[in-house]
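Here are some comments on the model you sent, set out as numbered points. Please read them with the structure open beside you.

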Amino acid sequence: MGRTLLGLGLVVGLAACNPYGSSAFTCETDDQCGGDGRCEVIGFCSFPDERCGAGGRAYGEHSGPRSGDCATSDTMPIIDAPPEPDAPAMCTPNARYCFGSAIETCRADGQGFDETLRSPCALACDSSGATPQCLAASNLSISDQVGCGNGSDNPIDLIARTGAVVTIGASSISCTGCDFGVTSIPNRGTSPNVWYCLKSLVLERDAVLRASNVGPVTLFVAGQTQIDATINFDGDDASGTNGGRGIGPGAHNGASNPSPNTNGTSGAGPCAGGGGQRVTNIVPTLTTAGGGGGAGAAGDGGDGGDGNGPMQDVGEGGSGGNASAQCDSPSFAQLLGGSGGGSGGSG
């Protein structure tokens, strides 16, 4: 099974493996099961069965060794990948190869690989170039990635079924309606992003993924990844004197309303919108104020509207956020959520 690096905003998924052979029918969607069938996370169809209690379900007759078993959480582990094939007995002396998820070096006598020279890869081994190269995330240490990818860090299956709500925080992932057997999943590090090590990640239809008071997040998934859920990182609207609160990973707050008779203020974040300008005309005493600028994202934010007074005085609107200040970058090194919009000037 390959590994998956999931930065919130970018998803790479891998299909599940079927170690049970062609005699077992595996599914990917409920439609493939027909009727009242439901495709469970291990890839087998389940059907209503009163033997399994009220609302219970059992695996169908073509579910390999699971046939007839009740489809409860304690019988539904993620399918592990089949064992990797044995290393070749002969190879080109001193040549390097991608084998499994590692770079192997052939012995000088050509009699198989030298285990002392084995170099494990964090994500996968790429042999498309002149020499084998390990693929890895750019924002986590290699030792952390290898430990997560080979399971030595004891990662957890995060399985969110229909109706479950997963909340990612700065210190832990919590869930209502999940099957991971613990109260929460602690983070494995905080630099440069808060990151989590998971054995698998399954977010079924109608599950919801949210974030709470957390900066950029990276999920390192060592196995199966399936995301059919709603991902909700919408920020809050401005309310009263308070600016809108950023919700998603790396998101920033909008500017609060300014004090009376002052210019507007910029929102938070590297691509924030600027505050509107306040201008007072002395005779007669009138004040005009411009609106706050919108935050930049993949593109620049919109400028705030100008405030025009009767004496041709203009309270200029705040400038839109500049997307080139990191926010339009596809780089995985530092993931950023939305910046905040600016506030209008106060008349």
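1. How much accessible surface does the protein chain have, and what percentage of it belongs to carbon and sulfur atoms? In this predicted model, the accessible surface of the protein chain comes to about 17,300 Å², and carbon and sulfur atoms hold 48% of that surface.

2. On the chain as a whole, the secondary structure consists of 1 helix and 21 strands, and of the 347 residues in the protein chain 41% are buried. Among the contacts with a separation of 6 or more, 50% are between residues 24 or more positions apart.

3. One element to look at is an open sheet of 3 strands, in the order β2-β3-β4 and with antiparallel pairing. Because β2 (38-39) and β4 (57-59) stand at the edges, each with a single partner strand, one side of each is left without a neighbour in the sheet. Strand β3 (residues 45-48) is joined to β4 by 3 bridges, and within this part of the sheet Ser46 stands opposite Tyr59 in β4.

4. Further along the chain, strand β10 (residues 156-168) runs antiparallel to strand β11 (residues 172-178), with 5 bridges joining the two. The connection from β10 to β11 is a hairpin through 3 residues, and Ala160 is found opposite Cys178 in β11.

5. Strand β11 also pairs with strand β12 (residues 184-186), again in the antiparallel sense, over 3 bridges; here Ser174 is the residue that stands opposite Ser184 in β12.

Methods
Residues numbered from 1 in each chain as written. Predicted model: local features only at pLDDT ≥ 70, side-chain atom pairs only at ≥ 80, totals over all residues. Heavy atoms only, no water. Pairing = 2+ DSSP bridges. Helix = DSSP H or I, 4+ residues; strand = E, 2+ residues; numbered from the N terminus. Buried < 20%, exposed > 50% of the residue type's maximum accessible area, 1.4 Å probe, protein only. Contact = heavy atoms within 4.5 Å. Areas by Shrake-Rupley, 256 points an atom, 1.4 Å probe, with all protein chains shown as cover.
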